[in-house]
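Let's take a walk through this fold, one piece of packing at a time. Keep the viewer open and follow along.

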Amino acid sequence: MDENYNLEYTFFYSSIPFLVIGLMGNVSIIRIVYKLREMHTPTNYLLVSMAVSDAIAILLWPLQFYEFWKVVCKLAELIAVCILVSSFTMTVLAVERYHAILKPLRNGLCLREDNVKKAIACIWIASFLLCLPATFFKEWSETYETCIGPWTLYLNRGSKACVILDVVISFIQLAIIVYCYGSLIRGLYFANTVCPDTGGERSSEKKKLAITFVLVTIGFFIGYTPTLVSYVIIPSGDEEIDVSFYSQLTAVVDFVFIVSLCFNPFIYAFHSTNFKEGFKQVILCRNPQRHDEVAQLS
């Protein structure tokens with residue numbers, strides 16, 4: 001038991017530099033979009049929403065090491081809300097970019113300033129509602145001296161239903177993301193079906209966005225797949241599980257997942273020209289370049 005305890009806290013303390021960097025990166029995104037009027041675009045509003053959810057998840061993540069009473073046990077479920085907000089936002093971004101670049105003449109699913117805030121509100125409300133049942137099943141167990149319920153080793157029937165619902169939603173989102181990003185890459189690099197004047201974006205900027213999409217998709221796979229295996233497939237099996245091994249496994253996958261969240265600001269935002277310029281203006285307090293020299297993201 002001491003070995004498991006030491007391993008968990010080794011990963012926790014090792015993650016602190018990543019948590020600090022990730023928190024600073026997400027706060028920088030929020031500040032840049034808030035301060036610069038030219039950054040007030042639907043795509044950037046979605047990035048801010050994801051930055052807020054990732055920042056909250058980073059701040060709350062240490063709670064899972066101190067789940068020693070019922071209130072904290074249920075409060076830690078807010079991490080699941082934030083993760084769901086980020087995944088929903090990534091899905092909406094994928095659909096928005098798909099239509100903006102490949103289907104520019106179809107305005108039905110295009111996000112504008114008058115509807116993007118409604119979309120963000122729907123994302124947060126849906127995430128809270130979907131995670132609400134899990135808060136009723138997750139509680140502190142004096143017998144096991146840990147939290148039991150959804151996304152733990154100890155699942156009852158209600159907990160399994162919550163986890164299955166989350167997994168189905170996650171795979172639907174993943175299918176949408178892969179389709180949208182795959183279509184973009186095919187259109188940009190292979191089929192040459194992307195109009196060069198779409199949305200005022202240059203070909204090089206489109207290809208840069210495609211690279212960003214690939215990186216985000218890979219990051220999602222790296223962070224989510226081990227979590228899916230350790231928190232869903234293993235506890236749902238019929239065979240008896242070695243608690244010591246399971247504790248070590250979850251310590252590793254939790255570390256991988258939280259680190260993947262910390263890199264989101266750098267993959268999603270600072271890979272673009274306008275966020276780099278915004279970082280220089282707002283964070284480094286440098287004089288801005290001329291507006292026409294800054295490439296717009298959306």
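Start with helices α2 and α4, which run roughly antiparallel to each other, because angles over 145 degrees count that way and their axes cross at roughly 160°. Bear in mind as you look that this is a predicted model. To find the pair, pick out residues 42–60 for α2 and residues 78–102 for α4; the two axes come within 9 Å. The crossing of α2 and α4 is left-handed. On the α2 side, the contact is made by T43, L46, L47, S49, M50, S53, D54, I56, A57 and L60. Facing them from α4 are L78, I79, C82, V85, S86, T89, M90, V92, L93, E96 and R97. Sort the residues of this contact by class and you get 13 nonpolar, 5 polar and 3 charged.

Now stay on α2 and bring in helix α5, residues 113–137. Which way does α5 run relative to α2, parallel or antiparallel? The axes of α2 and α5 cross at roughly 25° and come within 9 Å. Angles under 35 degrees count as roughly parallel, so that is the label α2 and α5 get. The crossing here is right-handed. From α2, the residues involved are P42, Y45, L46, S49, V52, S53 and I56, and they meet E113, V116, I120, I123 and W124 in α5. By class, the residues of the contact of α2 with α5 come to 9 nonpolar, 2 polar and 1 charged. If some of those names ring a bell, that's fair: L46, S49, S53 and I56 of α2 are in the list for α5, and they are in the list for α4 as well.

That leaves the pairing of α4 with α5. Their axes also come within 9 Å, and they cross at roughly 135°. This angle is neither under 35 degrees, nor 65 to 115, nor over 145, so α4 and α5 are oblique to each other. The crossing of α4 and α5 is right-handed. L78, A80, V81, L84, V85, F88, T89 and V92 of α4 make this contact with I123, W124, S127, F128, L130 and C131 of α5. What classes of residue make up the contact of α4 with α5? There are 12 nonpolar and 2 polar residues, and no charged ones. Look for I123 and W124 again: these α5 residues touch α4, and they also meet α2.

While you're on α4, find S87, which lies in this helix. Is S87 buried or exposed? The cut-off for buried is under 20% relative accessible area, and S87 has 10%, so it counts as buried. Leaving out residues up to four places away in sequence, S87 touches Q173 and F220.

Next, jump to helix α8, residues 243–262, and look for I258. I258 is buried, with a relative accessible area of 2%. Not counting neighbours within four places in sequence, I258 is in contact with S15, L19, A57, I58 and W61. How many residues apart in sequence are I258 and I58? They are 200 residues apart, yet their C-alpha atoms are 7.2 Å apart in space. A57 is worth a second look, since this residue touches I258 and is also part of the α2 contact with α4.

Another long-range pairing involves K276, found in helix α10, which covers residues 273–283. At 44% relative accessibility, K276 is partly exposed. The C-alpha atoms of K276 and I32 are separated by 9.8 Å, with these positions 244 residues apart along the chain.

A word on cysteines, in case you're wondering about disulfides. A search of the whole structure finds 0 of them. C122 counts as exposed at 51% relative accessibility, whereas C180 is buried, with a relative accessible area of 3%.

Finally, zoom out. The protein chain has 10 helices and 2 strands, in the order α-α-α-α-α-β-β-α-α-α-α-α along the sequence. Of its 298 residues, 48% count as buried. Among contacts with a separation of 6 or more, 72% link residues 24 or more positions apart.

How values were computed: Residues numbered from 1 in each chain as written. Predicted model: local features only at pLDDT ≥ 70, side-chain atom pairs only at ≥ 80, totals over all residues. Heavy atoms only, no water. Axes fitted to C-alpha atoms, helices over the stretch in contact; angles between N-to-C directions. Helix = DSSP H or I, 4+ residues; strand = E, 2+ residues; numbered from the N terminus. Left-handed = near helix turned anticlockwise from the far one by under 90°. Contact = heavy atoms within 4.5 Å. Nonpolar A, V, L, I, M, F, W, Y, C, P; charged D, E, K, R; others polar. Disulfide = S-S within 2.5 Å. Buried < 20%, exposed > 50% of the residue type's maximum accessible area, 1.4 Å probe, protein only.
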